[in-house]
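Grab a coffee and work through a few exercises on the model shown here. Try each task yourself before reading the solution under it.

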Amino acid sequence: MQLILIFVAIIAGLVQGVTGFGLGIVMMTILPFMLPLASSAAVANCVSLPLCFMMLLRYRKEVQYQHLIWPAIFYIFGSSLAILLAPLVDQRFLKILFSIFLITLALYFVKFDSRIHLKANFPTMFLSGLISGICDGLFGIGGPLMVLFYLSLLHSKEAYLGTLQGLFLLVGSYNFVFRLYRGIFTIDLLELAFLSSMAVLLGLAIGNRIIERIDSWLMNRLVYILIGLSGLLTLVTTLFY
């Protein structure tokens with residue numbers, strides 16, 4: 001099983017290295033077979049931090065900090081609120097709605113990509129960050145909405161990748177500390193997290209080679225496809241597991 005995890009972690013690092021997100025989606029296809037769901041999310045959270053840091057370091061000169069801090073604050077507020085309210089809502093029904101929303105959103109952006117332009121104003125940042133945080137708190141998948149926000153806002157793949165990783169590093173660090181405080185991430189998970197982190201960074205190295213050879217148009221299409229697949233995966237796992 002560990003060999004399978006290593007392979008999946010390499011794929012996760014490659015996917016996030018090329019598209020800017022997807023590590024959690026890929027890792028969560030295998031971790032729940034090895035650990036309880038909460039522990040699986042904690043390991044995926046831990047593994048994402050060195051990856052996001054390395055990507056942020058690579059694209060640090062392109063990071064648009066003016067589009068980073070406020071969305072991160074709203075994201076954290078939304079995720080904290082959702083975590084508190086999660087026990088009171090029907091998770092299965094909401095996951096089905098959310099997965100359908102992701103699939104529809106991906107198809108819409110593939111067709112109308114050139115017609116979509118988001119303004120970097122306060123309401124847009126507030127809604128994008130808040131809704132993403134709520135989705136993360138409820139479903140463990142908040143990345144796709146912030147991905148769409150930054151893709152529409154930032155017109156170079158380097159600025160998009162750097163700014164998005166800055167957001168994920170801030171939010172992921174907060175979530176990791178919160179999980180440590182709640183006793184969700186324990187010392188027993190360290191070995192698995194370390195092993196996965198090494199494999200993820202190997203995948204990132206491969207992804208860095210690929211991203212140098214593709215343009216922004218192709219990267220956008222890969223992102224939209226991944227968002228649609230994440231929605232489809234969420235729908236299938238919710239209906240049949």
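Below are six exercises on this predicted model, each followed by a worked solution.

**Exercise 1. The salt bridge**

Find which residues form the salt bridge, and work out which parts of the chain the pair ties together.

*Solution.*
- Start with the general idea: side chains of opposite charge can pair when their charged atoms come close.
- Next, count: the structure holds 1 salt bridge.
- The partners are arginine 58 and glutamate 212, and their closest N and O atoms are 3.2 Å apart. The cut-off is 4 Å, so the pair qualifies.
- Now place them. Arginine 58 sits in helix α3, while glutamate 212 is in the loop between α9 (190-211) and α10, so the bridge ties together parts that are 154 residues apart in sequence.
- Last, check the surface. Arginine 58 comes out as partly exposed at 36% relative accessibility, whereas glutamate 212 is exposed, with a relative accessible area of 51%.

**Exercise 2. Two cysteines**

Work out why cysteine 52 has no bond to cysteine 46, and say whether each is buried or exposed.

*Solution.*
- The disulfide count for the structure is 0.
- Look at cysteine 46: it is in no disulfide, and the nearest cysteine sulfur, that of cysteine 52, is 12 Å away.
- Turn it around: for cysteine 52, the closest cysteine sulfur is the one in cysteine 46, and at 12 Å that is too far for a bond. A disulfide needs the two sulfur atoms within 2.5 Å.
- As for cover, cysteine 46 has a relative accessible area of 15% and is buried. Cysteine 52 is buried too, at 2% relative accessibility. The cut-off for buried is under 20%, so both values pass.

**Exercise 3. Rings across two helices**

Take the ring pairs that involve tryptophan 70 and phenylalanine 74, and describe the geometry, the location and the cover of each.

*Solution.*
- The model has 7 aromatic pairs in total.
- One of them joins tryptophan 70 and phenylalanine 122: the centres are 5.6 Å apart, the planes make an angle of 70 degrees, and the pair is edge-to-face.
- This pair bridges distant parts of the chain, with tryptophan 70 in helix α4 (residues 69-85) and phenylalanine 122 in helix α6, 52 residues apart.
- Neither ring-bearing residue is hidden away: tryptophan 70 is partly exposed at 42%, and phenylalanine 122 is partly exposed at 47%.
- Now the other pair. Phenylalanine 74 and phenylalanine 126 have ring centres 5.1 Å apart and planes at 80 degrees, so this pair is edge-to-face.
- Phenylalanine 74 lies in helix α4 and phenylalanine 126 in helix α6, so here too the pair ties together parts 52 residues apart in sequence.
- Cover splits this pair: phenylalanine 74 is buried at 9%, but phenylalanine 126 is partly exposed at 32%.
- Put it together: ring pairs link Trp70, Phe74, Phe122 and Phe126 into a cluster.

**Exercise 4. A covered helix and a nonpolar patch**

Say how many residues of helix α7 are buried, then list which residues make the nonpolar surface patch.

*Solution.*
- Helix α7 runs over residues 143-153, and 11 of its 11 residues are buried.
- Among them are Gly143, Pro144, Met146, Phe149 and Tyr150.
- For the patch, the members are Trp217, Leu218, Leu222, Ile225, Leu229, Leu232, Val236, Leu239 and Phe240, giving about 860 Å².
- Check one member: leucine 222 belongs to helix α10 (residues 216-240) and is partly exposed, with a relative accessible area of 32%. Patch members need over 30%, so leucine 222 gets in.

**Exercise 5. A serine contact**

Find which backbone oxygen the side chain of serine 48 reaches.

*Solution.*
- Serine 48 is part of helix α3 (residues 37-58).
- At 13% relative accessibility, serine 48 counts as buried.
- The serine 48 side chain reaches the backbone oxygen of asparagine 45 at 2.6 Å.

**Exercise 6. Sequence gap versus space**

Give the C-alpha separation for threonine 124 and phenylalanine 194, then for isoleucine 214 and lysine 157.

*Solution.*
- Threonine 124, in helix α6 (residues 122-139), is buried at 17%.
- Threonine 124 and phenylalanine 194 are 70 residues apart along the chain, and their C-alpha atoms are separated by 37 Å.
- Isoleucine 214 is in the loop between α9 and α10 and is buried at 12%.
- With their positions 57 residues apart along the chain, isoleucine 214 and lysine 157 have C-alpha atoms separated by 9.7 Å.

Key. Residues are numbered from 1 along each chain as its sequence is written. Side-chain values use heavy atoms; hydrogens and water are left out. Patches are made of residues with over 30% relative accessible area and no salt bridge: like charges are joined within 9 Å, nonpolar side chains (Val, Leu, Ile, Met, Phe, Trp, Tyr) within 5 Å. Accessible areas come from the Shrake-Rupley method with a 1.4 Å probe; for residues, only the protein chains shown count as cover. A salt bridge is a side-chain nitrogen of Lys or Arg within 4 Å of a carboxyl oxygen of Asp or Glu. Helices (H or I, at least four residues) and strands (E, at least two) are DSSP runs, numbered from the N terminus. Buried means under 20% relative accessible area, exposed over 50%, partly exposed in between (1.4 Å probe, protein chains only). Rings of Phe, Tyr and Trp (its six-membered ring) pair if their centres lie within 6.5 Å; planes under 30 degrees apart count as stacked, over 60 as edge-to-face and the rest as tilted. A polar contact is a pair of N or O atoms within 3.5 Å; within protein, one must be able to donate a hydrogen and the other to accept it, and residues adjacent in sequence count only if both atoms are side-chain atoms.
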